[in-house]
Amino acid sequence: WQDAHADVGRLVGTLGRVAECLSLDKLEAAPSEAALVSRALQLLAEHRFWAGVVFLGPEDSSDPTEHPTPDLGPGHVLIKIRMDIDVV
């Protein structure tokens, strides 16, 4: 049982060292698409940018005949995904 205890101790130590390498701060909010792009460029320099999601308002709709109905909610949710094209 002492060998098993030592093995578990080594395993826990190894997992602890591996966990230090993981970054769990993957989500950040940005006040605008321009701010998102600026922050993405900073993160790209550190090889830490994966993707950005921009939530578009009704005024950004590609279909001018589609207007939200206030009593039914906003309709479709429009998004734009920004990614580094070198890693797609």
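Student: Let me start with one residue: is R82 buried, partly exposed or exposed?
Tutor: In this predicted model, R82 has a relative accessibility of 33% and therefore counts as partly exposed.

Student: And what does R82 pair with?
Tutor: R82 forms a salt bridge with E33, and the closest N and O atoms of the two are 2.5 Å apart. This pair links distant parts of the chain, since E33 sits in helix 2 and R82 in strand 2, with their positions 49 residues apart in sequence.

Student: Why would two side chains like that pair up at all?
Tutor: When side chains carry opposite charge, they can pair because their charged atoms come close.

Student: OK, which other residue joins E33 and R82 in a network?
Tutor: That residue is K80, because salt bridges that share partners join E33, K80 and R82 into one network. K80 forms its salt bridge with E33, where the closest N and O atoms lie 3.2 Å apart. Here too distant parts of the chain are linked, as K80 belongs to strand 2, which covers residues 78-83, while E33 belongs to helix 2, 47 residues away in sequence.

Student: How accessible are K80 and E33?
Tutor: K80 is partly exposed, with a relative accessible area of 33%, and E33 is also partly exposed, with a value of 23%.

Student: Let me step back, how many helices and strands are there?
Tutor: The protein contains two helices and two strands, and along the sequence they follow the pattern α-α-β-β.

Student: How much of the protein is buried?
Tutor: Of the 88 residues in the protein, 10% are buried. The protein exposes about 7700 Å², and carbon and sulfur atoms supply 62% of that area.

Student: What about contacts between residues that are far apart in the sequence?
Tutor: If we take the contacts between residues at least 6 apart in sequence, 55% of them join residues at least 24 apart.

Student: Can you show me a buried residue, and where V54 sits?
Tutor: V54 is itself such a residue: it is buried, with a relative accessible area of 11%, and it lies in strand 1. Leaving aside residues up to four places away in sequence, V54 touches E33, L36, L78, I79, K80 and R82, and E33, K80 and R82 are the residues of the salt-bridge network we discussed. The C-alpha atoms of V54 and I81 are separated by 6.3 Å, although these two residues are 27 apart along the chain.

Student: And F49, is it buried or exposed?
Tutor: F49 is buried, with a relative accessible area of 12%, and it lies in the loop between helix 2 and strand 1. Not counting residues up to four places away in sequence, F49 touches A40, L43, L44, R82, M83 and D84. F49 and K26 are 23 residues apart in sequence, and their C-alpha atoms are 8.6 Å apart in space.

Student: Which residue in that loop has a positive phi?
Tutor: That is H47, which lies in the loop between helix 2 and strand 1 and has a phi near 60 degrees, a positive value in a residue other than glycine. H47 is exposed, with a relative accessible area of 75%.

Student: Switching topic, how big is the largest pocket?
Tutor: The largest pocket has a volume of about 540 Å³. It is lined by 23 residues, and those closest to its centre are K26, E28, L36, A51 and G52.

Student: What kinds of residues make up the lining, and which elements supply them?
Tutor: The lining residues divide into 13 nonpolar, four polar and six charged. Helix 2, residues 33-45, and strand 1, residues 51-56, each supply at least two residues of the lining.

Student: You mentioned E28, so what does E28 pair with?
Tutor: E28 forms a salt bridge with R39, and the closest N and O atoms are 2.9 Å apart. R39 lies in helix 2 and E28 in the loop between helix 1 and helix 2, so the pair ties together parts that are eleven residues apart in sequence.

Student: Are R39 and E28 buried, partly exposed or exposed?
Tutor: R39 counts as partly exposed at 29% relative accessibility, and E28 is partly exposed as well, with a relative accessible area of 45%.

Student: Last one, how many salt bridges does the structure hold?
Tutor: The structure holds five salt bridges, including the one between R39 and E28.

Note on methods. Residues are numbered from 1 along each chain as its sequence is written. This is a predicted model: local features need pLDDT of at least 70, side-chain atom pairs count only at pLDDT 80 or more; totals for chains, interfaces and linings use all residues. Side-chain values use heavy atoms; hydrogens and water are left out. On a 1 Å grid over the protein atoms alone, a cavity is a set of points where a 1.4 Å probe fits but cannot get out, and a pocket is an open set with protein on both sides within 12 Å along at least five of seven lines; lining residues have an atom within 4 Å of a point. Grid points are joined across faces, edges and corners, and a volume is the space filled by probe spheres set on the points. Helices (H or I, at least four residues) and strands (E, at least two) are DSSP runs, numbered from the N terminus. Ala, Val, Leu, Ile, Met, Phe, Trp, Tyr, Cys and Pro count as nonpolar, Asp, Glu, Lys and Arg as charged, and the others, Gly among them, as polar. Buried means under 20% relative accessible area, exposed over 50%, partly exposed in between (1.4 Å probe, protein chains only). Contact means heavy atoms within 4.5 Å. Accessible areas come from the Shrake-Rupley method with a 1.4 Å probe; for residues, only the protein chains shown count as cover. A salt bridge is a side-chain nitrogen of Lys or Arg within 4 Å of a carboxyl oxygen of Asp or Glu.
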